[in-house]
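Q: I'd like to take a close look at one part of this protein with you. Could you walk me through it step by step?

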Amino acid sequence: DVELAFRERCYGGQPKSKEVYEAWANAKGEHPREPLDEKLRVLHLEDKETESENDLREETELAWTGFRSDSNGIYLRDFMVEAMIKQCGTTLGIFTKKRGSKGITQHGLHVHPREIHFTNKLEADASEVIAGHVSTAQGKRDILKKVDYVEDAILAFQIKLLLGQSKLSEKDLFRMFHLAQENGLGACRSRGGGKFDVVKMDEAADVIIG
């Protein structure tokens, strides 16, 4: 059982324009655990007409990013936390030192629930306008973009991890989260966004299979 308290703003990184998201998905490829139609639904994206490709206000609106949301409020997805853990494991060299540990994080690491709602936020606190880039038919262009964020937010979730076999230990998991606190979670991490403190990390139960 894990609980995180953000000490820096946590930014939403999902495009709130259908046109921008479709271009982004085509460039990066759809996430297998969140198909395009599902992403468009949770982001509440609708088709809209554009009047001028050179209009700064319009491009700023197209570059607006935020959080997924449903009737229970805004949330982050489970695979975002899993990716954060794996990235820290790679950085710390754990996967190199312990043969088979990378496979454990790929197939024996699961975060629940699927939608991790902020426990104290139903919607974003505000938006911040920052410098960004957008891809157009004429190539990449520098523009301003609007990013939704939350402050003093809290996340609570559960991690299920296959331990033993000298591949991965609880200490390894603690080390990865210790680094993750400074790397951050969410968007705009290169600007210092998403840094948090682990305020709870308790063992819930051991389940023996076999």
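Which order do the strands of the open sheet of four strands have, and what pairing do they show?

A: Happy to. Please keep in mind that this is a predicted model. The open sheet runs E7-E11-E1-E12, and its four strands pair in the antiparallel sense. E7 and E12 (residues 196-201) stand at the edges with a single partner strand each, so one side of each has no neighbour in the sheet. From one strand to the next, the twist averages 30 degrees.

Let's go through the pairs. E7 and E11 are antiparallel and joined by four bridges; here His-110 stands opposite Lys-160 of E11. E11 also pairs with E1, again antiparallel and over four bridges, and in that pair Leu-4 has Leu-155 of E11 as its bridge partner. E1 and E12 are antiparallel too, with five bridges between them, and Val-2 finds its bridge partner in Met-201 of E12.

Now add the helices. H4 packs on the sheet, where it touches E7, E11 and E12, and its direction makes about 140 degrees with that of E7. H7 packs on the sheet as well, touching E1, E11 and E12, with its direction at about 150 degrees to that of E12.

These two helices also meet each other. H4 (residues 78-91) and H7 (residues 170-183) pack at an angle of about 105 degrees, with their axes 9 Å apart. The two are therefore roughly perpendicular to each other. On the H4 side, the contact is made by Met-84, Ile-85, Cys-88, Gly-89 and Thr-91, and H7 brings Leu-173, Met-176, Phe-177, Leu-179, Ala-180 and Asn-183. Sorted by character, the residues of this contact are eight nonpolar, three polar and no charged.

Sheet and helices come together in the largest nonpolar core, which has 32 residues. Those with the most contacts inside this core are Ile-85, Phe-118, Phe-157, Phe-177 and Leu-185. Elements that give two or more residues to the core include E1, E7, E11, H4 and H7, and H4 provides the largest share, six residues.

Phe-177 is a good residue to finish on. Leaving aside residues up to four places away in sequence, Phe-177 touches Val-2, Leu-4, Met-84, Ile-85, Phe-157, Ile-159, Phe-196, Val-198 and Met-201. Two of these names should be familiar from the sheet: Val-2 is the bridge partner of Met-201. Apart from this core lies another, of six residues, including Tyr-11, Ile-130, Tyr-149 and Cys-188.

Note on methods. Residues numbered from 1 in each chain as written. Predicted model: local features only at pLDDT ≥ 70, side-chain atom pairs only at ≥ 80, totals over all residues. Heavy atoms only, no water. Axes fitted to C-alpha atoms, helices over the stretch in contact; angles between N-to-C directions. Parallel < 35°, antiparallel > 145°, perpendicular 65-115°, else oblique. Contact = heavy atoms within 4.5 Å. Nonpolar A, V, L, I, M, F, W, Y, C, P; charged D, E, K, R; others polar. Core = buried A, V, L, I, M, F, W, Y, C linked by side-chain atoms within 4.5 Å. Buried < 20%, exposed > 50% of the residue type's maximum accessible area, 1.4 Å probe, protein only. Pairing = 2+ DSSP bridges.
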